[in-house]
Amino acid sequence: MLYVKDLHKSYMTGKKEYPVLKGINFQIAKGEFVAVMGPSGSGKSTLLNCISCYIPFDKGEITLGGIDLTNLNETGLAKVRNEKLGFVFQDFMLLDGLSVRENILVPRIIRGKVDAEAERLADRLISLFGIEHIKNKYPAEISGGEKQRTAVARSLINDPYVILADEPTGNLDSKSSRTVIESFEHAKEQMNATIFMVTHDSFAASFCDRVILLKDGTVFRHLEKAGSRSDFQDVLLEAIKEMSE
Ligand SMILES: Nc1ncnc2c1ncn2[C@@H]1O[C@H](COP(=O)(O)OP(=O)(O)OP(=O)(O)O)[C@@H](O)[C@H]1O
Ligand SMILES: [Mg+2]
């Protein structure tokens, strides 16, 4: 589904090149829920933005559902971004002037048409995420957790290859965070969605199938869940401690 091979990315600050990703390798299969963790500045958002087609990378390969992003031009990248990827941002990015249901349909509007099938899928997602009661409300009238559930529903409307989420629980209290993580689990179980999430939160990450730990632009460790959620959280906390030593 998603292959990342020997990915390198540097930023230029003035005349100085500043390497951020220094040869990242991993792959994610359809239906997997994977988190990326690591200290601030380790390159998590940069990695996500490379996969998102938002920023060009310097070297390596990214393949998404069989499409090699390496040699795509701007039009090709925009098409992948609009049709093959779903996004969930930390600050939701819902449009204030549209209702919850209309917001969920936005990626279809961008693609050019909202047909009966899209309308049906929107209603299915609304029911799946338990937001029927707010479907005609506007973002200003709903809670943070409800906004994020709306954002997760929106990310699924195009049946994307992968949902990319950067700190989706970053602005939420623990109860709302849990609802968001449960929405991802739902999306995975009911729609076989593939989710790639950056998070600082070991509790959120412990719901994932796997966690990739980034340190200084390289993969410090891949951790796979075996056993219960709380066992996995202990494993994560231990590895994070080791990483900071
Ligand atoms: N556009 C940019 N130009 C120059 N340097 C950048 C740019 N974006 C990020 N950086 C630098 O690259 C490094 C990695 O940034 P990145 O945002 O990927 O980190 P992160 O792991 O997501 O951190 P955080 O946990 O704080 O969100 C940082 O040192 C950052 O200052
Ligand atoms: Mg970041």
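Leu-64 stands opposite Ile-67 in strand E5. This is a predicted model, and that pair is a good place to enter it. The strands involved are E4 and E5, which pair in the antiparallel sense over 2 bridges. Together E4 and E5 make a hairpin with 2 residues between the strands. One residue of this hairpin, Gly-65, takes a positive phi near 50 degrees.

Now step from E4 to its other partner. Strand E4 covers residues 59-64 and pairs with E1 in the antiparallel sense over 5 bridges. Find Lys-5, and you will see Glu-61 of E4 standing opposite. Strand E1, residues 2-13, also pairs with E2. That pairing is antiparallel too, and it runs over 10 bridges. Look at Lys-9 here: its bridge partner in E2 is Leu-21.

Put these pairs together and a sheet appears. Its 4 strands lie in the order E2-E1-E4-E5. The sheet is open, and the pairing is antiparallel. Which strands stand at the edges? They are E2 and E5, the latter made of residues 67-68. Each has a single partner strand, so one side of each is left without a neighbour in the sheet.

Strand E2 leads on to the ligand. This strand, residues 16-28, supplies at least two residues of the shell around ligand 1. Helix H1, residues 44-51, also supplies at least two. The largest share of the shell comes from H1, with 3 residues. The surrounding residues are Tyr-11, Tyr-18, Val-20, Pro-39, Ser-40, Gly-41, Ser-42, Gly-43, Lys-44, Ser-45, Thr-46 and His-200. Sort the shell by character and you get 4 nonpolar residues, 7 polar and 1 charged.

Some of these residues place polar atoms beside oxygen atoms of the ligand. Start with Thr-46: a polar side-chain atom of this residue lies 2.5 Å from an oxygen atom of ligand 1. Ser-40 also uses its side chain, with a polar atom 2.6 Å from an oxygen atom of ligand 1. Gly-43 uses its backbone instead: a polar atom there is 3.0 Å from a ligand oxygen. How much of ligand 1 does the protein bury? Taken alone, the ligand exposes 640 Å², and the protein buries 61% of that.

Leave the ligand now and turn to helix H3, residues 100-111. The buried residues of H3 are Val-100, Arg-101, Asn-103, Ile-104, Leu-105, Val-106, Pro-107 and Arg-108. What covers them? The cover includes helix H4, residues 116-128, and helix H5. Just after H3 comes Gly-112, which takes a positive phi of about 120 degrees.

One last residue ties in with H3. Asn-158 lies in the loop between helix H5 (144-156) and strand E7 (162-166). Is Asn-158 buried or exposed? Its relative accessibility is 7%, so Asn-158 counts as buried; the cut-off for buried is under 20%. Leaving out residues up to four places away in sequence, Asn-158 touches Asn-82, Glu-83, Pro-107, Arg-108 and Arg-111. With Arg-111 there is also a polar contact: the two side chains are joined at 3.1 Å.

Technical notes
Residues numbered from 1 in each chain as written. Chains lettered and ligands numbered in written order. Predicted model: local features only at pLDDT ≥ 70, side-chain atom pairs only at ≥ 80, totals over all residues. Heavy atoms only, no water. Near = heavy atom within 4 Å. Polar contact = N/O pair within 3.5 Å; in protein donor to acceptor, adjacent residues only side chain to side chain. Areas by Shrake-Rupley, 256 points an atom, 1.4 Å probe, with all protein chains shown as cover. Nonpolar A, V, L, I, M, F, W, Y, C, P; charged D, E, K, R; others polar. Pairing = 2+ DSSP bridges. Buried < 20%, exposed > 50% of the residue type's maximum accessible area, 1.4 Å probe, protein only. Contact = heavy atoms within 4.5 Å.
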